[in-house]
Amino acid sequence: MVNDLKWITREKAMVDRIACPWLIKNFVDKEAEFLFVPQDKVLEVAQKEGAIPFDALGVELGHHGEEVSFDAILKRYNLTDPALSLLTTKRKL
């Protein structure tokens, strides 16, 4: 688990941008601080603040093909809890 990092995403949070902070706070970084900025400022502010961008265009922890940001965070931080896999877009019904 990482600690005490800043995380940044687009403002006007919707479902994925609400699920991701929950996932980060509970399974990746209990002391996480979240920044919400306009879409066109995410990368600029991330660099200035030393924040990890998520759920934004062109970032590692973003959408890739059919995978959403939640899936990218699970993969990047090797989160394998079976309960979390039920929340992914790749779950089998």
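How many of the 93 residues of the protein count as buried? In this predicted model, the share that counts as buried is 39%. That figure is a good starting point for a walk through the structure, from its overall layout to individual side chains.

The protein has four helices and three strands. Read from the N terminus, these elements follow the order β-α-β-α-β-α-α. Contacts that reach far along the chain are well represented: among contacts in the protein with a separation of 6 or more, 59% link residues 24 or more positions apart.

The three strands come together in an open sheet with the order β2-β1-β3 and parallel pairing. Strands β2 and β3 stand at the edges with a single partner strand each, so one side of each has no neighbour in the sheet. Strand β1, which covers residues 6-10, runs parallel to β3 and is joined to it by two bridges. On the β1 side of this pairing is Ile 8, whose bridge partner in β3 is Pro 53. Helix α2, made of residues 42-49, packs on the sheet and touches β1, β2 and β3. The direction of helix α2 makes about 170 degrees with that of β1.

Another helix to look at is α3. Which residues of α3 are buried? They are Ser 69, Phe 70, Asp 71, Ala 72, Ile 73 and Leu 74. With six of its eight residues buried, α3 is mostly covered. After α3 comes Asn 78, which has a positive phi, near 50 degrees.

Attention can now turn to the aromatic side chains. A pair of aromatic rings is described by the distance of the centres and the angle of the planes. The structure contains three aromatic pairs. In one of them, the ring centres of Trp 22 and Phe 27 are 5.6 Å apart and the planes stand at 65 degrees, so this pair is edge-to-face. Both partners are partly exposed: Trp 22 has a relative accessible area of 41%, and Phe 27 has a relative accessibility of 28%. Phe 34 and Phe 54 make up another edge-to-face pair, with 6.2 Å from centre to centre and 85 degrees between the planes. Phe 34 belongs to strand β2 (residues 33-37), while Phe 54 is in the loop between β3 (52-53) and α3 (69-76), so this pair ties together parts that are 20 residues apart in sequence. Are the two rings of this pair in buried or exposed positions? Phe 54 is buried, at a relative accessible area of 0%, whereas Phe 34 is partly exposed, at 22%.

Charged side chains add further links. How many salt bridges does the structure hold? The count is five, and three of them are described here, beginning with Arg 10 and Asp 55, whose closest N and O atoms are 3.1 Å apart. Arg 10 lies in strand β1 and Asp 55 in the loop between β3 and α3, so this salt bridge ties together parts that are 45 residues apart in sequence. Asp 55 counts as buried, at 2% relative accessibility, while Arg 10 is partly exposed, with a relative accessible area of 23%.

A further salt bridge joins the side chains of Arg 76 and Glu 60, at 3.4 Å from N to O. Because Arg 76 is in helix α3 and Glu 60 is in the loop between β3 and α3, this pair ties together parts that are 16 residues apart in sequence. Glu 60 counts as exposed, with 54% relative accessibility, and Arg 76 counts as partly exposed, with 43%. Arg 76 also has an aromatic partner: its charged end sits over the ring of Tyr 77, 4.9 Å from the ring centre.

Glu 67 and Lys 75 provide another example, with their side chains meeting in a salt bridge at 3.8 Å, N to O. The two ends of this salt bridge sit in contrasting surroundings, since Glu 67 counts as buried at 13% relative accessibility, while Lys 75 is exposed, with a relative accessible area of 58%.

Note on methods. Residues numbered from 1 in each chain as written. Predicted model: local features only at pLDDT ≥ 70, side-chain atom pairs only at ≥ 80, totals over all residues. Heavy atoms only, no water. Phe/Tyr/Trp six-rings, centres within 6.5 Å; stacked < 30°, edge-to-face > 60°. Buried < 20%, exposed > 50% of the residue type's maximum accessible area, 1.4 Å probe, protein only. Lys NZ or Arg CZ within 6 Å of the ring centre and 35° of its normal. Pairing = 2+ DSSP bridges. Contact = heavy atoms within 4.5 Å. Axes fitted to C-alpha atoms, helices over the stretch in contact; angles between N-to-C directions. Salt bridge = Lys/Arg side-chain N within 4 Å of Asp/Glu carboxyl O.
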